[in-house]
Amino acid sequence: MRCNMYPTIFGLYEPSSIYDTLDFLDNGNAKIIAGGQSLIPMLKLRVIQPKFLVDLNKLRGDLDYIEDRGKSIGLGSLATHAKISTDQIVKSKIPLLSVTASKVGDMQVRNLGTLGGSVSNADPSADYPAVLLAYDATLTLISSGGERKVKASEFFKGPFSTELKDNEILREVEFPVLEGYAYKYEKIVRRAGDFAMVGIAVLAKVSDKVEDLRIAYTGVGEKAYRPYELEKELVGKKVTRDDLEKFAEKVSATLTPPSDSRGSSSYRKKVAKIATIKTLSEVLGVVS
Amino acid sequence: MKYSGRSIKRLYDDKFVTGRSSYVDDLQVSAMHAGFVRSPYAHAKIKSIDTSEALKSPGIVAVFTYKDFSPLLKRGIGIWETYEDPKQWKFVARKALADNKVRFVGEPVAIVIGSDKYSVRDAVDKVNVDYERLPSAVSMEDALKDKVIIHEELGTNVGFDSTFSGGDVEGSFKQADKIISVEITNNRLIPSPMEPRGIIASYESGTLNVWYSTQVPHAARSEFSKVLGIPSSKIRVIMPDVGGAFGSKVNIMPEDLSVVLSSIKLGRPVKWVATRSEEMLASEARHNTFKGEVAVKSDGTVLGIKGDLLVDLGSYLTYTAPLQPAIIPLMIPSAYRIRSASIRSRAIYTNTPPITMYRGASRPEATFIIERIMSTVADELKLDDVEVREKNLVKPDEVPYTNVFGLKYDSGDYISLLRSGVNKLGYYDMRKYAEEERKKGRKVGVGMAFYLEISGFGPWEYGEVRVDENGDVIVITGGTPHGQGTETAIAQLVSDALQVDISRIRIVWGDTEIVASSMGTYGSRTISAAGSAAQVAASQVLEKMKKVAARIMKVDVEEVEYREGEFINKKDERVKVSWDDVAKAGYTGTDPGIYAQVTLQGDVTFPYGVHVALVEVDDYGIVRVKEYKAYDDIGNVINPALAEGQIMGGTVQAVGQAIYEEAIINDDGGLAVTYADYFIPTPVEVPQITSFFAEKPHVSAYPVGSKGVGEAALIVGPAAIVRAIENAVNKPINKTPVRPEDLI
Amino acid sequence: MLVRPGEKVKVKVKVNGIWYEKEVEPRKLLVHFIREDIGLTGTKIGCDTSTCGACTIIMNGKSVKSCTLFAFQANGAEITTIEGIGDSKLHPIQEAFKDNFALQCGYCTPGMIMQTYFLLKTNPNPTEEEIKDGLHGNICRCTGYQNIIKAVKDAAGRMR
């Protein structure tokens, strides 16, 4: 039992370009700091003790872009939650991301915290991973060896564990623009500003029947989760309350949420089920 | 113009809103920093401590263990003997650091002193302690078995075992139409003042100066003196601005003592300010279980209560922990005419962080127990909540009333307050609204609870009033305000007594070399005890002023009357002398100086009230308290806005206690020690709060006639909120906090 | 720029209109830099998990928690602390806090006021819900928040 306030000694590297950064990362034992809102608490707890921090602050101008590419929107990894939640392009083209960003932490945290920082941290209760899964977003990772693109479904590996290698940086997250989709991010917390006990991101295209459905969960296991196979059971039909209950029951049965101060595993499973029914009823317009 | 009874703005806010406030961490003292090596185990033998690596660490001046300190110590930290009887207790006085054994996760084992906090923190990791783990008893149930003994010297984990009884309990249970069983639990809380505690000690040439985030500078001086064998005359304790305490900063910590000892050993100032995680370990509160039976008539009359109360102490008896097991039973009868009761109260050592007092200390526990009992009686007999209470409340002509355990309630009309409160707060309309909403499928509920509080604790308080040669007034109070704003209320009382403008009054407190003696601010006592002492001192000062005025006017003092800044010759009203002139004259002549010192004795007093909560439970079992209303008879109200502030603050802590806050200790004795796991309510979780005070209050015996309001809402709030939740979900609940998973 | 472990880094910041330049360890938190290196103790430390907001300051126009930021991250930045918002007179927010009994022990007050300062800059006429949403990163243990919310509304009126 120790006090949780003072990080261990580390060195600092301030790169002047992203390429400098990549070269430096090749030396190993360095952590990237962007907004620091996930990293600094862990440094203070001494859970991580890197030899160097690489400060990307100077590169903010190059990496906090929000770019409308017609069929997709590209977001630089240093875009802050505050910027994402208020940006007009995000609001109109990828609104599920916009509403989710406005629910991350609190206002001060949103002013500093970044998309890339949160996504690379991969907290199993964080908000973005579910949204990335729902959009089927594409992440661009770069290293001195070059660039690669990874789907959200392959990026998240486990608690605080991702596809990112030690010498790689998350450069961008690209979201497809899904026209005519209804959306909702249901975040269940006991207290404002907390991590989600359960979070559900939903995107759905509905006519007289469900044309497409994407539902993804956070807080319910080791990483964000999207029940791809089960989703298909609701696509192509006019969904009833009964269908939703069966669907929610099946989804809930596959979950293995953690137990912590927020709630036990079995409670979280119940919440996931109730929230699934509630959120989907709303998004799909199912009358109960 | 009279100040009392008006919402006068707080006198000393400017420094707080501009950042010029000065809490202990803000003091510009060039001190070394202290950090603590803490036990990772709930129970273990310390085989050896190796400090050599830590001492080589940059910036480190010293590392001390208990062996370094023991030659300097006369004894360990005692208990608060003003209110607590050591003869009733089995305990081992707590040492400055763990000696040969650790008894909870987080217990300090060594202190590291260095030039800055970061280096100290690095060195803490380099102290190697070799432990031999022992089996532990983390729960009260395990500890009661006495298989694991936490203090070998005591031979048992039961620190206190006393049965409180009165009346013919067996007879009542024979007469009963029904016997109802109850089991009621208050879980462990963390008081969490926003300023974590801290201390700076400076020992130089035999004199010890201590700047201390405390509520009780004089008691701390006395305890330091006894523990260290340094005379009180050579110890000065100064209380800077204190960022909240809620009772938790009456406690004197081993860490505090270790800082003082380090300063003595090093001959230089040493400072420790707790991090939040250390503050969460330092002060925990509540945690008790009551199992009992209630004998009732079918009309709802409660004839008798018997039961067993178990109170968790944590691993050591702290300065303030003895209050709870001794006072909870006494207050269980509350304002109800319960003529027979037998309650066995036991306090248990466990391998967990020690318990201290927290706002309400014993009355929230007692109130939750008795109000749960009353509501359970109502449910079992299908009676109305208000009706059951009204049937059992002590009648106005029975007050002063002595309860079944011999505790004497001073004044009040409980039944009238309940009736008018229920009306004023719109309780039945709210119940109806909730019922209608429930028909629409929403889980809305309304609950009420009544309380009787014991406050105003004596045995005395100090007040001094000085009028200087310019006629300005300094009030030196034994109260130790730390957020309540009672300094402003005291100024109002003195302004009225002296009929001088409040801007001419300055209130001073919290320094053992300025304040001749002091008990302090706790137990909702400051206005009644310290306010009265100041008021009495002011009237004595006025008598002195009259003597001076008589001398100037060359009349007998009996002929002098004082009115609004002027001393007047009653026989010839044209002859008068101003306040300022009298003040000036007071510093010439044969008996110069205008001041009065008063040590005013006083006893407990009993405020009471009824509170109502409206809650809504969502699909996930998450409760939101939407409305909270209070109606209290707290005696005379000196500053309504300050009193309302106490109700509002207490309400939000009650919301915390009822549904959010729980210090969770795992099976290995580890506590979740961050705000990420301990849920203090934010602005989003708070209800709309409305507070009323009785128009015709029943006063206390204190000269100012106030009773106290500091703890009221936290005393009764959890019971009202839990009752509202029961109403919303139609399911019995007998503990706090109510977690979402209890409701779906 | 490379700073090896154990070496110090130069940090230059403008705080309340004055430039300061200090050499500090990279691991030094901004809140400690402001309180200890610059000596402005109005900014408080209430927790270690970025939860309580007592350390809220304005950096480059945005409210941030200075306990969750290293001093080096503020290099070149303009910072306003509680000591910097009034001048010879109190700022309307400070007045409103006083007049509405929006503080008790005063420890959360600097952070609360700085967050209000940012909130009202971005949203000069907030609803009660918006105030609560804007302030939930700041914990007050004394007041029960009701008077704080009142003070924020009052301050908004005074600043219009």
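In which strand of chain B is B:Lys629 found? The answer is strand S27, which covers residues 623-633 of chain B. Before going further, please keep in mind that this is a predicted model. With that said, B:Lys629 makes a friendly starting point for a walk through the three chains.

Is B:Lys629 buried or exposed? Its relative accessible area is 17%, and because the cut-off for a buried residue is under 20%, B:Lys629 counts as buried. What does its side chain meet there? A polar atom of the B:Lys629 side chain lies 3.1 Å from the backbone oxygen of B:Leu425. B:Leu425 also belongs to a wider set of contacts: setting aside neighbours within four places in sequence, B:Lys629 touches B:Leu425, B:Met430, B:Val610, B:His611, B:Val612 and B:Thr690.

Let us stay in chain B and turn to another strand, S19, which spans residues 460-467. This strand is mostly covered, with 6 of its 8 residues buried. S19(B) pairs with strand S25 (residues 594-601) of chain B through 8 bridges, and the two run antiparallel. To find a place in that pairing, look at B:Val465, whose bridge partner in S25(B) is B:Ala596. S19(B) is also joined to strand S20 (residues 473-477) of chain B, again antiparallel, this time by 5 bridges. Here B:Arg466 stands opposite B:Ile474 of S20(B). S19(B) and S20(B) form a hairpin with 5 residues between the strands, and in this hairpin B:Gly471 adopts a positive phi near 90°.

Chain A offers a sheet of its own to look at. Three of its strands make an open sheet in the order S11-S12-S13, with antiparallel pairing. Strand S11 (182-188) and strand S13 (210-218) of chain A are at the edges and have a single partner strand each, so one side of each has no neighbour in the sheet. On average, neighbouring strands of this sheet are turned by 10° against each other, direction ignored. As a general point, strands of a sheet pair through backbone hydrogen bonds, either parallel or antiparallel. In this sheet, 7 bridges connect S11(A) with the antiparallel strand S12 (residues 198-206) of chain A. One residue to pick out is A:Tyr183, whose bridge partner in S12(A) is A:Leu203.

Helices accompany this sheet. Helix H9 (residues 128-135) of chain A lies across S11, S12 and S13 of chain A and runs at about 155° to S13(A). Helix H13 (residues 265-284) of chain A packs on the sheet as well, touching S11, S12 and S13 of chain A, and its direction makes about 25° with that of S12(A).

Now for the way the chains meet, beginning with chain C and chain B. This contact involves 46 residues from chain C and 58 residues from chain B. About 4300 Å² is buried between the two chains, with carbon and sulfur atoms giving 56% of that area. On the chain C side, C:Phe101, C:Arg141 and C:Gln146 supply 20% of the area buried against chain B, more than any other three residues. The interface holds 7 salt bridges. In a salt bridge between these chains, the side chains of B:Asp122 and C:Arg27 come together at 2.6 Å, N to O. There are also 26 residue pairs in polar contact across the interface of chain C and chain B, both residues being at pLDDT 80 or more. Among the elements of chain C that face chain B, helix H2 (92-99) gives the largest share, 4 residues.

Chain C also meets chain A. Here 39 residues of chain C are in contact with 38 residues of chain A. Together these chains bury about 3100 Å², of which 63% is on carbon and sulfur atoms. In chain C, the residues that lose the most area to chain A are C:Met1, C:Arg27 and C:Asp48, together 20% of what that side buries. The C:Arg27 side chain is thus a residue to view from both directions, given its salt bridge with B:Asp122. Between chain C and chain A there are 2 salt bridges. The side chains of A:Arg110 and C:Asp133 meet in a salt bridge at 3.9 Å, N to O. Polar contacts across this interface involve 11 residue pairs, both residues at pLDDT 80 or more. Strand S5 (62-65) of chain C is one of the elements giving two or more residues to the side that touches chain A, and S5(C) gives the most, with 4 residues.

Notes:
Residues numbered from 1 in each chain as written. Chains lettered and ligands numbered in written order. Predicted model: local features only at pLDDT ≥ 70, side-chain atom pairs only at ≥ 80, totals over all residues. Heavy atoms only, no water. Pairing = 2+ DSSP bridges. Axes fitted to C-alpha atoms, helices over the stretch in contact; angles between N-to-C directions. Contact = heavy atoms within 4.5 Å. Buried < 20%, exposed > 50% of the residue type's maximum accessible area, 1.4 Å probe, protein only. Buried area = accessible area lost by both parts, 1.4 Å probe. Salt bridge = Lys/Arg side-chain N within 4 Å of Asp/Glu carboxyl O. Polar contact = N/O pair within 3.5 Å; in protein donor to acceptor, adjacent residues only side chain to side chain.
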